[in-house]
Amino acid sequence: QVQVVESGGGLVQPGGSLRLSCIASGDIFSINYMGWFRQAPGNQRELVAGLTDGGSRRFGDFVKGRFSISTVNAEKNTVYLSMNNLVPDDTGVYYCNVRGSRNSGRSFDNWGQGTQVTVSS
């Protein structure tokens, strides 16, 4: 089993910042992708930011330089999403997606339960 757990959501005023964390644990041999997606009520889930094991990053068009995605070598299997200059349209549930291989060699593609981000005055 592979578990994915997000944290760090909450209520923030427009113009504010938040940092989300995602930790993957369990039967993991290697990870080749960690990404953040979001879903607002009535909308489809969309990519916020993704990071490959080779260091390639991809962002949703709406990010426009406001967000960054990062890992820390000392914190294995953890990815952060730093969000600045938040606007009300950033409100939604933010999900972490992790892809890789189990110790058996089988691949996995797991999602967390999501963390709510609300941008409002």
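Here are a few worked exercises on the structure above.

A word on the ground rules: this is a predicted model, where local features need pLDDT of at least 70, side-chain atom pairs count only at pLDDT 80 or more, and totals for chains, interfaces and linings use all residues. Residues are numbered from 1 along each chain as its sequence is written, and side-chain values use heavy atoms, with hydrogens and water left out.

**Exercise 1. Find the disulfide and describe its geometry and setting.**

Step 1: look for cysteine sulfur atoms within 2.5 Å, which is the criterion for a disulfide. The whole structure turns up one.

Step 2: name the partners. Cys22 and Cys96 are linked, with 2.0 Å between their sulfur atoms.

Step 3: check the handedness. The angle about the S-S bond is -80 degrees, so to speak a left-handed link.

Step 4: place it in the chain, taking strands as DSSP runs (E, at least two residues) numbered from the N terminus. Cys22 belongs to β3 (residues 18-26) and Cys96 to β9 (residues 92-101), so the bond ties together distant parts of the chain, 74 residues apart.

Step 5: test for burial, meaning under 20% relative accessible area with a 1.4 Å probe, protein chains only. Both cysteines are buried.

**Exercise 2. Work out what surrounds strand β4.**

Step 1: count burial. In β4 (residues 30-39), seven of the ten residues are buried, so the rest of the structure largely encloses this strand.

Step 2: list the pairings, where two strands pair if DSSP finds at least two bridges between them. β4 runs antiparallel to β9 over nine bridges, with Ser30 opposite Ser101. Six bridges also join β4 to β5 (residues 46-52), again antiparallel, and here Arg38 has Glu46 as its bridge partner.

Step 3: inspect the turn. Six residues separate β4 and β5 in their hairpin, and Gly42 there has a positive phi of about 80 degrees.

**Exercise 3. Which arginines sit over aromatic rings?**

Step 1: apply the test, NZ of Lys or CZ of Arg within 6 Å of the ring centre and within 35 degrees of the ring normal.

Step 2: read off the hits. Arg38 has its charged end over the ring of Phe62, 3.6 Å from the centre, while Arg45 lies over the face of Tyr95 at 3.7 Å from the ring centre.

**Exercise 4. Pick out what Tyr94 touches.**

Step 1: take contact as heavy atoms within 4.5 Å.

Step 2: leave out residues up to four places away in sequence; the partners of Tyr94 then include Trp36, Arg38, Val48 and Leu81.

Technical notes:
Helix = DSSP H or I, 4+ residues; strand = E, 2+ residues; numbered from the N terminus. Buried < 20%, exposed > 50% of the residue type's maximum accessible area, 1.4 Å probe, protein only.
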